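Reader: I would like a close look at the charged side chains here, and at how they pair. Please start with one acidic residue and work outwards.

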Amino acid sequence: MNRSNIDIKFNDLKDELASYVFRLVTNRELTEDIIHDTYIKVVEKIDTFHGNSTFKTWVFSIATNLSKNILIRQNRWIVNAQDYGAMLHIKSQEHWDAFQQVFNSTPEKEYEVKEHLEYCFNCLNKTLEIEQQVCLLLKEVYDFKVREIIQITELSEGKVKHAIANARKNLINIFDKRCAFINKNGVCNQCTELTGILNPKQDAQIEANKLKLVKKQKTENQERLLDIRLEVIRSIDPLKSKNTLVTSYFLENSEKWVKEGIQKKVLENPSETEV
């Protein structure tokens with residue numbers, strides 16, 4: 001395959017690849033670096049590509065390995081990472097001003113519930129083990145077959161299937177306890193709260209009720225509710241959505257906010273143990 005054909009094939013899948021990498025590392029700059037390094041490796045190693053997999057699967061395997069090197073250095077997120085971020089922005093004028101600056105730079109000046117679901121999913125996916133994160137995204141968001149995921153991850157069939165099943169089970173458990181869309185007793189209402197603050201002309205609950213997820217929550221089981229949520233995720237490119245600047249801001253800073261939030265909580269309540 002000559003350089004011109006490589007460029008054409010790589011560019012055809014570049015947007016999808018970038019959205020996948022971003023969902024793993026949750027940082028635009030890191031994503032750009034990984035995509036660049038992936039392209040360099042594709043060019044350098046093209047002679048080793050013998051067609052045992054599709055070109056797309058081969059490229060995703062390279063990007064996955066590069067992303068995993070970063071994920072290993074990152075800490076898994078705690079389930080309530082978003083709560084710490086929200087707490088800091090409520091209590092700190094500096095954080096709130098920084099967030100407002102990001103929001104005011106978005107062209108549409110809107111904040112949609114479904115795109116907050118995308119942010120929420122990415123946060124909670126980061127709480128999973130690395131293999132679960134990777135396999136779930138490849139299967140449920142990017143529609144790779146199990147045999148292709150085996151080629152990408154170099155895991156056994158059993159490990160891939162277990163990683164997907166365990167990721168789904170863990171997310172279902174987290175969503176059921178946290179998400180008010182899934183369970184009326186869920187502790188998190190950030191979707192409608194942020195929409196109301198950032199887009200006060202929009203009735204957040206009306207917008208939320210347009211989502212199939214809300215309409216089906218009383219009639220569908222937890223597995224199906226997760227599938228409906230994943231349908232929403234698949235419909236959004238996290239790097240090109242209306243709220244990409246806002247959601248990127250949340251995702252890129254969440255790990256830092258958790259550390260700040262824990263420190264703040266300990267300072268204010270020194271008798272309490274850290275989360």
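**Asp227 and its surroundings**

Author: Asp227 has a relative accessibility of 25%, so this residue counts as partly exposed. The model is predicted. Keep that in mind throughout.

Now the partner. Asp227 forms a salt bridge with Arg168, with 3.0 Å from N to O. The two residues come from distant parts of the chain, 59 residues apart. Asp227 belongs to helix 13, which covers residues 222-234, and Arg168 belongs to helix 9.

Is Arg168 buried or exposed? Arg168 has a relative accessible area of 11%. The limit for buried is under 20%, so Arg168 is buried. The bridge therefore joins a partly exposed acid to a buried base.

The pair does not stand alone. Salt bridges link Asp227 and Arg168 with Glu140 and Glu223 in a network. Across the structure there are nine salt bridges.

Helix 9 takes part in another bridge. Glu157 and Lys161 meet through their side chains, at 2.8 Å from N to O. Both sit in helix 9, residues 157-178. They are four residues apart, which means a separation of about one helical turn. Glu157 is partly exposed at 43% relative accessible area. Lys161 is partly exposed too, at 44%.

A further bridge pairs Glu16 with Lys56, and their closest N and O atoms are 3.0 Å apart. Glu16 is in helix 1 (residues 3-25) and Lys56 is in helix 3 (residues 55-73), so this bridge ties together parts 40 residues apart in sequence. The relative accessibility of Glu16 is 29%, which makes Glu16 partly exposed. Lys56 has 27% and is partly exposed as well.

Some acids gather on the surface. Where is the patch of negative charge, and which residues form it? On the surface, Glu29, Glu32, Asp33, Asp37 and Glu252 come together in that patch. Helix 2, residues 28-45, gives the largest share, with four residues. Glu32 is placed in helix 2. The relative accessible area of Glu32 is 56%, so Glu32 is exposed.

What holds for the fold as a whole? The protein has 14 helices and zero strands. From the N terminus on, the run of elements is α throughout. Of the 275 residues in the protein, 49% are buried.

Aromatic rings pair up as well. A search of the whole structure gives 13 aromatic pairs. In one of them, Trp96 and Phe99 have ring centres 5.5 Å apart and planes at 55 degrees, so the pair is tilted. Both residues lie in helix 5, residues 93-104. They are three residues apart, which means about one helical turn between them. Trp96 is partly exposed at 23% relative accessibility. Phe99, at 1%, is buried. Ring pairs extend this into a cluster of Trp96, Phe99, Tyr119, Tyr249 and Phe250.

Back to the start. Asp227 is partly exposed, its partner Arg168 is buried, and both belong to a network with Glu140 and Glu223.

How values were computed:
Residues numbered from 1 in each chain as written. Predicted model: local features only at pLDDT ≥ 70, side-chain atom pairs only at ≥ 80, totals over all residues. Heavy atoms only, no water. Patch = residues over 30% accessible without salt bridge, like charges linked within 9 Å, V, L, I, M, F, W, Y side chains within 5 Å. Areas by Shrake-Rupley, 256 points an atom, 1.4 Å probe, with all protein chains shown as cover. Salt bridge = Lys/Arg side-chain N within 4 Å of Asp/Glu carboxyl O. Lys, Arg positive; Asp, Glu negative; His and termini not counted. Charge placed at Lys NZ, Arg CZ, Asp CG, Glu CD. Buried < 20%, exposed > 50% of the residue type's maximum accessible area, 1.4 Å probe, protein only. Phe/Tyr/Trp six-rings, centres within 6.5 Å; stacked < 30°, edge-to-face > 60°.
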